[in-house]
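Student: I would like to learn how to read a fold from its coordinates. Can we take one feature at a time?
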Amino acid sequence: MPDYKTVESVMHRHVSRLMAFPNVVSVGIGYRQQGGEETEELCISVGVERKLAAEDLGPEGLLPSSLEGVAVDVVETGSLEAM
């Protein structure tokens, strides 16, 4: 498993690309979630307004499952607003 510094470095190299995907509202570092449970695996956590099925996104809207060996986890957050 990659350490925090590695995940952070990879995230910074790809944050602009990830934020350009439709429906993406945030990019950060977190622990991968599987089956509604948090695991111990650090990942790039991508927040989306609403999770959609892959067939509804099309190839241009499908987020990568990993970047440079770091897992990418998609988390439904709803819309976010700056305060």
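Student: Is His-12 buried or exposed?

Tutor: First, a caution: this is a predicted model. Now the reading. Compare the relative accessible area with the cut-offs: buried is under 20%, exposed is over 50%. His-12 has a relative accessible area of 51%, so it counts as exposed. The residue belongs to helix H1.

Student: How far is the C-alpha atom of His-12 from that of Leu-63?

Tutor: The separation is 16 Å. Along the chain, the two residues are 51 residues apart.

Student: Let me step back. Which elements does the chain have, and in what order do they run?

Tutor: Start at the N terminus and list helices and strands as they come. Here the order is α-β-β-α-β-β. That gives two helices and four strands.

Student: How do I judge the overall dimensions of the protein chain?

Tutor: Look at the extent of the trace, then at the radius of gyration. The C-alpha trace spans about 35 × 30 × 30 Å along its principal axes. The radius of gyration is 12 Å, close to the 12 Å that the globule rule gives for 83 residues, so the chain is as compact as a globular protein of that length.

Student: What do the contacts and the surface add?

Tutor: Take contacts between residues with a separation of 6 or more. In this chain, 61% of them join residues 24 or more positions apart. For the surface, the chain exposes about 5500 Å², and carbon and sulfur atoms supply 49% of that area. Buried residues make up 31% of the 83 residues.

Student: Now the sheet. What is the order of its strands?

Tutor: Read the order from strand pairing, not from sequence. The four strands form an open sheet with the order S1-S2-S4-S3, and the pairing is mixed. S1 and S3 are at the edges with a single partner strand each, so one side of each has no neighbour in the sheet.

Student: Which strands in this sheet run antiparallel, and which run parallel?

Tutor: Take each pair in turn. S1 (residues 24-34) and S2 (residues 37-48) pair in the antiparallel sense over nine bridges. Within that pair, Gln-33 is opposite Glu-38. S2 and S4 run parallel and are joined by five bridges. Ile-44 has Val-72 in S4 as its bridge partner, and Gly-47 stands opposite Val-75. S3 and S4 run antiparallel, with two bridges. There, Leu-67 has Val-70 as its partner in S4.

Student: Where are the hairpins, and what do their turns show?

Tutor: Look for antiparallel partners joined by a short link, then check phi in the turn. S1 and S2 form a hairpin with two residues between them, and Gly-35 in the turn has a positive phi of about 60°. S3 and S4 also form a hairpin with two residues between them; in that turn Glu-68 has a positive phi of about 50°.

Student: Which residue has a positive phi in the loop between H1 and S1?

Tutor: Asn-23, which sits in that loop. Its phi is about 85°, although it is not a glycine. Asn-23 is partly exposed, at 26% relative accessible area.

Student: What about the inside? Which residues touch the most other members of the largest nonpolar core?

Tutor: The general idea: in soluble globular proteins, nonpolar side chains tend to be buried together. Here the largest nonpolar core has 15 residues, and Leu-18, Val-24, Val-27, Ile-44, Val-46, Leu-63 and Leu-67 touch the most other members. H1, S1, S2 and S4 each give two or more residues to this core. S4 is mostly covered, with five of its seven residues buried.

Student: What is in contact with Val-46, leaving aside neighbours within four places in sequence?

Tutor: The partners are Leu-18, Val-24, Ser-26, Leu-63, Val-72, Asp-73, Val-74 and Val-75.

Student: Last feature. How many salt bridges does the structure hold?

Tutor: Side chains of opposite charge can pair when their charged atoms come close. The structure holds one salt bridge. Arg-13 and Glu-68 form it, with 2.6 Å from N to O. The pair links distant parts of the chain, 55 residues apart: Arg-13 is in helix H1 (residues 4-19), and Glu-68 is in the loop between strand S3 (66-67) and strand S4 (70-76).

Student: Where does Glu-68 fall on the accessibility scale?

Tutor: Its relative accessibility is 48%, so Glu-68 counts as partly exposed.

Note on methods: Residues are numbered from 1 along each chain as its sequence is written. This is a predicted model: local features need pLDDT of at least 70, side-chain atom pairs count only at pLDDT 80 or more; totals for chains, interfaces and linings use all residues. Side-chain values use heavy atoms; hydrogens and water are left out. A salt bridge is a side-chain nitrogen of Lys or Arg within 4 Å of a carboxyl oxygen of Asp or Glu. Buried means under 20% relative accessible area, exposed over 50%, partly exposed in between (1.4 Å probe, protein chains only). Two strands pair if DSSP finds at least two bridges between them. The radius of gyration is taken over C-alpha atoms; the globule rule is 2.2 Å times the number of residues to the power 0.38. Contact means heavy atoms within 4.5 Å. Accessible areas come from the Shrake-Rupley method with a 1.4 Å probe; for residues, only the protein chains shown count as cover. A nonpolar core is a set of buried Ala, Val, Leu, Ile, Met, Phe, Trp, Tyr and Cys residues joined through side-chain atoms within 4.5 Å.
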